[in-house]
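Let's walk through this structure together, starting from a single residue and working outwards. Keep the viewer open as you read.

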Amino acid sequence: ADIGGVGERVLAPLQKIGDGLERAAAVEDASTLKARLQECLGDIQEDAKRQKTEPDQRVEALRRDVSHKQAASRNLGLDPVTELPWETAAQTQFLSALRPGEQKHVAVFVLGSAQRINLRFGRAAGDEVIRALKQYLAGRLESGDRMFRWPGPAIVALLASTEPFDRVRARLKRFLEKPIERTFDINGRSVLIPLSIAWSVFALSLPLAVPNRQ
């Protein structure tokens, strides 16, 4: 019972068989007990098989549920880790924000240490770090700036500022070139991880005149 983890359903009949063996006085009694023992052992095998496969089935059901939710998130255009819109939404926003003769700015932020963190601490830790990047940027970008999740450990932002390019870059540089460290709970222990952020900003603009295509 201790090894197999069998339930009372098969344990009780085994105890009765044991009591019967002690009292068996004839060959017929022993044969009857033997048949009951074989039946009981079959029940034990079924219990052991069920207890072995049920956790696997539960894990597989959970995996399917997570995959379904991730697929649903992608259909909604949201990254399940950061809950930011994906790059398809970003491209649409870039185009709709542009006006002839006007200039917009897009900033790109990439976690340079993401692969090392994934290898050392696991994928869950990598997800925590990309969420930390989002939170860090959210506290420093302007209220009208819009962030999007980009493939890889990257986030892009469509900046609302109409300042010249040099001023926009200088504003980002002030908070991005400072050392950034965050403490994460990994496997029950606190780990201080530096956030190595590679970044760039570039200007988007439409031509003043769009040539006719025939």
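The model is a predicted one, and a good place to begin is Asp-145. Leaving aside its neighbours within four places in sequence, Asp-145 is in contact with Leu-158, Leu-159, Ala-160, Ser-161 and Arg-171. You will find Asp-145 in the loop between helix 5 (123-138) and strand 2 (146-150).

What is the nearest side chain of opposite charge to the buried Asp-145? It is Arg-171, 4.3 Å away, and Asp-145 has no salt bridge. The cut-off for a salt bridge is a nitrogen-to-oxygen distance within 4 Å, so this pair does not count as one. The side chain of Asp-145 does have backbone partners, though. A polar atom of that side chain lies 2.8 Å from the backbone nitrogen of Glu-142, and the backbone nitrogen of Ala-160 likewise lies 2.8 Å from a polar atom of the Asp-145 side chain.

Now follow Arg-171 itself. Side chains of opposite charge can pair when their charged atoms come close. Arg-171 meets Glu-142 in a salt bridge at 3.6 Å, N to O. Glu-142 lies in the loop between helix 5 and strand 2, while Arg-171 lies in helix 6 (residues 165-176), so the pair ties together parts that are 29 residues apart in sequence. Arg-171 also forms a salt bridge with Glu-163, where the closest N and O atoms are 4.0 Å apart. Together, Glu-142, Glu-163 and Arg-171 make up a network of salt bridges. How exposed are its members? Arg-171 is buried, at 12% relative accessible area, whereas Glu-142 is partly exposed at 35% and Glu-163 is partly exposed at 31%.

The structure holds five salt bridges, and another of them deserves a look. Arg-149 pairs with Asp-79, with the closest N and O atoms 2.9 Å apart. This pair links distant parts of the chain, 70 residues apart: Arg-149 is in strand 2, and Asp-79 is in the loop between helix 2 (27-75) and helix 3. Both ends are buried: Arg-149 has a relative accessible area of 10%, and Asp-79 one of 3%.

Helix 3 (residues 87-97) is the next stop. Its buried residues are Glu-87, Ala-90, Phe-94 and Ala-97. Viewed down the helix axis, these buried residues fall within an arc of 85°, so they line one face of helix 3. An α-helix has 3.6 residues a turn, so residues three or four places apart point the same way. The buried residues of helix 3 pack against strand 1 (103-111), strand 2, strand 3 (154-159) and strand 6 (197-205). On the face turned away from the buried side sit the exposed residues Thr-88 and Leu-95.

Finally, turn to the nonpolar interior. The largest nonpolar core has 33 residues, and those with the most contacts inside it are Phe-109, Leu-137, Leu-141, Leu-172 and Leu-176. Several elements each supply at least two residues of this core, including strand 1, helix 4 (114-121), helix 6 and strand 5 (189-194). Helix 5 gives the largest share, seven residues. Take Leu-137 as an example: beyond its neighbours within four places in sequence, Leu-137 is in contact with Phe-109, Met-147, Ile-155, Phe-175 and Leu-176. A second, separate core of nine residues includes Phe-94, Ala-97, Leu-98 and Leu-204. Phe-94 and Ala-97 bring you back to helix 3, where they are among the buried residues.

Technical notes: Residues numbered from 1 in each chain as written. Predicted model: local features only at pLDDT ≥ 70, side-chain atom pairs only at ≥ 80, totals over all residues. Heavy atoms only, no water. Helix = DSSP H or I, 4+ residues; strand = E, 2+ residues; numbered from the N terminus. Buried < 20%, exposed > 50% of the residue type's maximum accessible area, 1.4 Å probe, protein only. Lys, Arg positive; Asp, Glu negative; His and termini not counted. Polar contact = N/O pair within 3.5 Å; in protein donor to acceptor, adjacent residues only side chain to side chain. Contact = heavy atoms within 4.5 Å. Arc of directions from axis to C-beta. Core = buried A, V, L, I, M, F, W, Y, C linked by side-chain atoms within 4.5 Å.
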